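Okay, thanks for squeezing me in. Let me put the sequence and the model up on the screen, and then I'll talk you through a few spots.

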Amino acid sequence: MTKHFSQARNTPFFCPPTTVTVDGEIYPIRWNFETAFLFAEYVDQSQDDDETFLETVLSIWYPQIPPNRDGAMEEAIRFYCGGTAPREGYYQPALNPTSGREELYLAFLTRYGIDLNREQMHWWVFRKLAEDLKERRPT
């Protein structure tokens, strides 16, 4: 059974969503951490005009882009932010996926035994694990 955003918040265990709701309709979203990396990299490097930017971002996140493009963008950003309301600089995650990929790979492999080249990990799970790595990093 596919969980969507509102269902995931009411489950007893951490069950991240694989869909979002736009205008009352449920749409699948690309939920893996690689998609979030691609998004962050695009936002960081993009010099596209507003319309091209919107269409590119939506095509990164959605296999089928909802008709309400603005609503779809809002939900994609909320998804990227882990289900919370976006804040200024929303595209900046706890760990920058566009730099230090080798360090991230080694940290996940060493700490958790997770080979990021072989895993289909949900973005929200990745975020939680990355936050834990950041908190445990010696200063």
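I'll go from confidence to the core, and then to a few individual residues.

So, this is a predicted model. Mean pLDDT for the protein chain comes out at 84, with 78% of the residues at 70 or more. Which elements sit at the two ends of that scale? At the bottom it's helix α1, residues 5–8, with a mean of just 51. At the top it's strand β2, residues 25–28, at 98. Usual caution here: where pLDDT is low, don't read the predicted coordinates in detail.

On to the core. The largest nonpolar core has 36 residues, and the ones touching the most other members are F39, W61, Y62, F108, M121, W123 and F126. As for who contributes, β1 (19–22), α2 (33–45), α3 (50–61), α4 (69–80), α5 and α6 each put in two or more residues. The top contributor is α2, with seven. As a general point, nonpolar side chains in soluble globular proteins tend to be buried together.

Let me pick out M121 from that list. If you skip its neighbours within four places in sequence, M121 contacts W31, N32, F33, F108, I114, L116, F126 and L129.

Right next door in sequence we have H122, in the loop between α5 and α6, with α6 running 123–136. Is H122 buried or exposed? Its relative accessibility is 7%, and the cut-off for buried is under 20%, so H122 counts as buried. What does its side chain reach? The backbone oxygen of P17, at 2.5 Å. There's also a polar atom of the H122 side chain 2.9 Å from the backbone nitrogen of W124. Beyond four places in sequence, H122 touches P16, P17, W31, N32, F33 and F79. If you compare that with M121, you'll see W31, N32 and F33 in both sets.

Last stop, Y112, which is in helix α5, residues 101–112. This one is partly exposed, because its relative accessible area is 24%, and partly exposed means between 20% and 50%. Its contacts, again leaving out residues up to four places away, are A107, L129, D132 and L133. With D132 there's a polar contact, side chain to side chain, at 3.0 Å. And L129 is 17 residues away from Y112 in sequence, with the two C-alphas 8.7 Å apart. You've met L129 already, by the way: M121 contacts it too.

That's my tour, so over to you.

Terms used: Residues numbered from 1 in each chain as written. Predicted model: local features only at pLDDT ≥ 70, side-chain atom pairs only at ≥ 80, totals over all residues. Heavy atoms only, no water. pLDDT = per-residue confidence, 0-100. Helix = DSSP H or I, 4+ residues; strand = E, 2+ residues; numbered from the N terminus. Buried < 20%, exposed > 50% of the residue type's maximum accessible area, 1.4 Å probe, protein only. Contact = heavy atoms within 4.5 Å. Polar contact = N/O pair within 3.5 Å; in protein donor to acceptor, adjacent residues only side chain to side chain. Core = buried A, V, L, I, M, F, W, Y, C linked by side-chain atoms within 4.5 Å.
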